[in-house]
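The following paragraphs lead the reader through a structure, beginning with contacts between charged side chains and ending with the surroundings of a DNA strand. Please keep the sequence and the model in view while reading.

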Amino acid sequence: MKIATWNVNSLTARLQHVLDWLIANPVDLLCLQELKMTDDKFPLEVLKSAGYEAASFGQKTYNGVALLSLSPLREIQRNIGGFEDEHSRVISATVDTPTGPLRVVNGYFVNGQAPGSDKFAYKMRWLDALRDWLRAEMAAHPRLVLLGDFNITPEDRDSYDPVGLKETIHHTTEERQHFQALLQLGLVDGFRLFEQPEKSFSWWDYRMLGYQKNRGLRIDHILVSEPLVPEVRSCTIDRVPRKWEKPSDHAPVVMELGG
DNA sequence: ATGGTGGGCAACCCA
């Protein structure tokens with residue numbers, strides 16, 4: 001089976017891209033971020049016609065996440081348990097796979113603007129809450145994937161300019177420690193299970209010809225719990241839709257799982 | 001060069 005994550009930067013603006021991408025890449029599960037729409041605007045029927053059951057957790061203008069699945073979504077949960085959050089950033093569900101149930105946690109992590117800002121402080125609190133909640137989630141669901149737009153470069157090699165951008169947003173020691181804390185829960189970065197091209201990124205700024213110059217960051221990730229590691233067959237970034245007209249600034253990350 | 005582009009929607013917004 002295949003799973004994927006994609007920050008679409010408005011599902012209203014990108015619905016046709018999503019439908020076109022799914023036709024070319026009929027993944028079993030697609031996790032979306034930055035819907036920028038309320039749930040009453042979510043295109044449930046259009047996705048159903050494309051063969052996908054879906055669950056959304058949106059809000060007006062900002063944030064918003066959704067799960068699109070060929071097979072039924074069970075035990076759908078919204079946001080981080082026990083954490084009061086005005087933003088719609090996490091949606092989780094269980095899907096059945098040939099090798100057992102898979103718990104999926106889809107997150108649009110806080111951007112954080114700049115170190116020292118209120119938004120950065122919120123990012124740190126949010127990451128604290130996510131880690132504490134995930135510890136229990138992983139105990140309850142040993143086969144778990146955490147995927148989405150993390151807004152963190154795990155290492156220097158995940159940035160086009162780690163020297164010039166040292167300790168700026170997406171690159172700070174604090175953010176990277178939070179990423180490591182997720183790994184310490186028993187999660188593994190699926191992308192790094194495989195040899196990958198140098199300068200592999202999942203996001204490129206719209207400005208200054210960012211994509212054309214490959215000035216990007218790898219901030220979209222698929223982390224798998226240890227019991228799933230032997231099942232991971234591949235993990236790749238699909239740059240194709242980033243070349244389409246009016247693209248999202250993010251590219252999808254795709255993982256193939258096999259029994 | 002402290003810029004620039006894009007989405008949503010009228011916010012000195014948010015990425």
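In this predicted model, the side chains of R176 and D156 meet in a salt bridge, with a distance of 2.8 Å from N to O. The two residues stand 20 residues apart, and their pairing links distant parts of the chain. R176 belongs to helix α4, which covers residues 173-184, whereas D156 lies in the loop between β8 (144-149) and α4. Are these two partners buried or exposed? The relative accessibility of R176 is 15%, so R176 counts as buried, the limit being under 20%. D156 has a relative accessible area of 43% and is therefore partly exposed.

A second salt bridge joins R218 to D189, whose closest N and O atoms are 2.8 Å apart. This pair, too, links distant parts of the chain, with the two positions 29 residues apart in the numbering. R218 is found in the loop between β11 (216-217) and β12 (220-225), while D189 is part of strand β9, residues 187-189. R218 has a relative accessible area of 1% and is buried. D189, at 9% relative accessibility, counts as buried as well.

A further salt bridge is formed by R131 and D132, and here the closest N and O atoms are 3.3 Å apart. D132 is partly exposed, with a relative accessible area of 42%. Which residues are joined into one network by salt bridges that share partners? They are D128, R131, D132 and R135. In total, the structure holds 16 salt bridges.

The next topic is DNA strand B. This strand is surrounded by 16 residues, and the closest are S10, T61, N111, K119 and R207. Of the atoms of DNA strand B that come within 4 Å of the protein, 67% belong to sugar and phosphate. Several individual contacts can be located in the model. In the side chain of T61, an N or O atom is 2.9 Å from a phosphate oxygen of DNA strand B. K119 likewise places a polar side-chain atom 3.0 Å from a phosphate oxygen of this strand. For N111, a polar side-chain atom lies 3.3 Å from a sugar or linking oxygen of DNA strand B.

Where does the largest share of the surface near DNA strand B come from? Helix α1, residues 11-24, provides this share with three residues. Sorted by class, the surface near the strand consists of six charged, five polar and five nonpolar residues.

Definitions and conventions. Residues numbered from 1 in each chain as written. Chains lettered and ligands numbered in written order. Predicted model: local features only at pLDDT ≥ 70, side-chain atom pairs only at ≥ 80, totals over all residues. Heavy atoms only, no water. Near = heavy atom within 4 Å. Polar contact = N/O pair within 3.5 Å; in protein donor to acceptor, adjacent residues only side chain to side chain. Helix = DSSP H or I, 4+ residues; strand = E, 2+ residues; numbered from the N terminus. Nonpolar A, V, L, I, M, F, W, Y, C, P; charged D, E, K, R; others polar. Salt bridge = Lys/Arg side-chain N within 4 Å of Asp/Glu carboxyl O. Buried < 20%, exposed > 50% of the residue type's maximum accessible area, 1.4 Å probe, protein only.
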